[in-house]
Amino acid sequence: MRQLESSKREEKGEAWPLRRFKGSCSLLFRRNSSSSSLRSLTMSHAAVSQAAAVSVSIGNEPSLRRSIFKQNNSISFNSNSWSSSLALNQRTTSIREAKRYTNTTICMSVQQTSSSKVTVSPIELEDPKDPPLNLYKPKASYTAKIVSVERVVGPKAPGETCHIVIDHDGNLPYWEGQSYGVIPPGENPKKPGAPHNVRLYSIASTRYGDFLDGKTASLCVRRAVYYDPETGKEDPSKNGVCSNFLCDSKPGDKIQITGPSGKVMLLPESDPNATHIMIATGTGVAPYRGYLRRLFMENVPNYKFGGLAWLFLGVANTDSLLYDDEFTKYLKDHPENFRFDKALSREEKNKKGGKMYVQDKIEEYSDEIFKLLDNGAHIYFCGLKGMMPGIQDTLKRVAEERGESWDLKLSQLRKNKQWHVEVY
C-alpha cells in the first residue's frame with residue numbers, strides 16, 4: 001500500500017488512491033491442455049449462491065478441495081522453521097502446482113453472492129498468537145507468481161488502479177493490516193549493479209486470500225505516471241518503476257516479495273464488540289478491505305464480530321471508488337454493524353462550497369466520532385501523507401469547539417493504542 005521513502009515520488013498526486021477494487025473482479029486462469037481432469041473451479045468472493053464450497057475443487061478428488069498442512073499442531077512465525085512445518089500434502093493442488101491459470105473468467109461479483117458467510121481454510125492460520133514478521137528479506141526474497149491483474153476503476157477515474165492477486169503457495173503468511181515488500185526487476189539507477197529498493201504495499205486481502213485457501217495475497221496498486229508540467233506529455237523515464245511493473249504484469253509472471261511487515265495497522269481482536277473507524281484516501285483502503293472481509297464475509301470460528309466498523313473513503317469521483325460493490329453489500333447485509341461514507345472531491349461540495357475531502361466528511365460526524373473515541377473506539381488512517389494535516393486540523397478544531405485540548409486527547413489515544421496511522 002505504501003512505498004518506502006526512496007519511492008515516494010511514485011505515489012504522489014491526487015490520484016494515488018490506496019488499493020482496492022470496484023465492482024466485480026474477474027480472475028483469469030489458463031487451463032492446462034494436458035489435464036482432462038481439471039473439470040471445475042469454484043471460487044467465491046463471498047458465498048456464491050450456487051456453490052456450497054468456496055475452495056477450489058478439481059475433478060472428483062475430495063482431497064484436492066482444500067489445502068492440508070502437515071504440522072505439529074502449531075505454527076511458528078518467529079523463524080523460518082515454519083517453512084518445513086507447513087509442508088503441503090502432496091495431493092494438495094496449489095495455483096502453481098496445478099497450473100490452473102485458465103482463460104476462463106471467474107466472476108467475483110458480490111451481487112451474485114448470498115449473505116451467508118464463507119468457510120475458510122486452513123483454519124490453522126488462526127493458531128499463532130503473534131503476527132508473522134519479515135519471513136523474507138531483501139537479500140533473500142521470496143519468488144511468488146502473479147495470478148491476475150485487473151483494472152478496478154472506471155474510465156473517468158484520474159489514472160489507473162489495479163487489483164493484483166499474487167500466489168505465494170502458503171509460504172508467505174500474513175495478517176490483516178500488514179504489508180508486502182515488492183522488489184521490481186532491473187537495476188537500481190542510483191546504485192549500478194544493485195537491485196531496486198523495496199516498495200511496500202498494504203495487503204488488500206485477509207490471511208486466507210481471495211481464493212480463501214491461504215495461498216494468495218492481493219494488492220491494490222495505482223499506476224504512477226509522470227507528466228511533464230510544460231508539455232503535458234507523459235515521460236516514461238520518470239514513471240513509477242514498481243507500480244508500472246505490477247500493473248503491466250501478466251498471469252504467471254514471477255515477482256520478488258519480502259515481508260510481511262508492520263504491526264501498527266493490525267486489527268485488534270481481543271474485543272469482538274469494539275468500534276473501528278477507518279479513514280482512507282484512494283488505495284489506502286487496501287487494509288480495510290482485508291478487515292471488512294474478515295468481519296463480514298469470512299466465517300472465522302474463533303472470531304465473531306459484533307461491534308461497529310465505520311469506513312470513510314475519499315476519492316476523486318464515482319469512477320474512482322474502490323471495492324464499492326463489496327462495501328455496499330456489507331452495508332446491506334450488516335446495517336447495524338457497518339457504516340460507509342464517501343467523499344468525492346470532484347463531484348461533491350462541502351458545507352463551505354469547496355471540494356468535499358475526507359476531512360470534511362469526518363467533520364460532518366465529528367460529535368459522534370469523538371463520543372466513540374471517548375468510549376474506546378479505534379481509529380485508523382491510511383493513504384497519502386498529505387491527507388493527515390487536513391484531518392488533524394479538523395479534529396483539533398472540533399476538539400477546541402468541545403472545550404478539549406486536541407494535543408492531550410491525541411496523546412491519550414496513542415497511549416491507549418486507539419490511534420493507528422500508516423501513510424506515505
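**A question to begin with**

Does Ser345 count as buried or exposed, and at what relative accessibility? In this predicted model, Ser345 counts as buried because its relative accessibility is 6%, and buried here means under 20%. Arg346, by contrast, counts as partly exposed because its relative accessibility is 47%, a value in between the 20% and 50% cut-offs.

Ser345 is placed in the loop between β17 and α6 (358-364), and the loop between β17 and α6 is also the place of Arg346. Both residues appear in an unreviewed UniProt entry under "binding site", where the list also includes Ser202, Arg222, Thr283, Lys355 and Glu422.

**The sheet**

Strand β17, which comes before that loop, belongs to an open sheet of 5 strands, whose order is β17-β16-β14-β18-β19 and whose pairing is parallel. At the edges stand β17 (338-344) and β19 (419-423), and each has a single partner strand, so one side of each is left without a neighbour in the sheet. From one strand to the next, the twist averages 10 degrees.

Within this sheet, strand β14 (residues 275-281) runs parallel to strand β16 (residues 308-315), and the two are joined by 7 bridges. Ile279 stands opposite Phe312 in β16. Helix α7 (residues 366-374) packs on the sheet, where it touches β14, β16, β17 and β18 (378-383), and the direction of α7 makes about 135 degrees with that of β16.

**The nonpolar core**

In soluble globular proteins, nonpolar side chains tend to be buried together. The largest nonpolar core in this model has 39 residues, and the members that touch the most others are Val285, Tyr288, Leu292, Leu311, Phe327 and Phe338. At least two residues of this core are supplied by each of β14, α4 (286-297), β16, α5 (324-333), β17 and β18, while the largest share, 7 residues, comes from α4.

Phe338 gives a picture of such contacts: leaving aside residues up to four places away in sequence, Phe338 touches Leu292, Phe296, Leu308, Ala309, Leu311, Phe327, Tyr330 and Leu331.

**Helix α4**

Helix α4 has 12 residues and reaches 16 Å from its first C-alpha to its last, which is close to the 16 Å expected at 1.5 Å a residue. The helix is mostly covered, with 12 of its 12 residues buried. Among the buried residues of α4 are Tyr288, Leu292 and Phe296, and also Arg289, Arg293 and Arg294.

Key. Residues are numbered from 1 along each chain as its sequence is written. This is a predicted model: local features need pLDDT of at least 70, side-chain atom pairs count only at pLDDT 80 or more; totals for chains, interfaces and linings use all residues. Side-chain values use heavy atoms; hydrogens and water are left out. Two strands pair if DSSP finds at least two bridges between them. Helices (H or I, at least four residues) and strands (E, at least two) are DSSP runs, numbered from the N terminus. Axes are lines fitted to C-alpha atoms, for helices over the stretch in contact, and angles run from 0 to 180 degrees between N-to-C directions. Contact means heavy atoms within 4.5 Å. A nonpolar core is a set of buried Ala, Val, Leu, Ile, Met, Phe, Trp, Tyr and Cys residues joined through side-chain atoms within 4.5 Å. Buried means under 20% relative accessible area, exposed over 50%, partly exposed in between (1.4 Å probe, protein chains only). The expected span of a helix is 1.5 Å times one less than its number of residues. UniProt positions are given in the numbering used here, feature names are shortened, and annotations may be inferred rather than shown by experiment.
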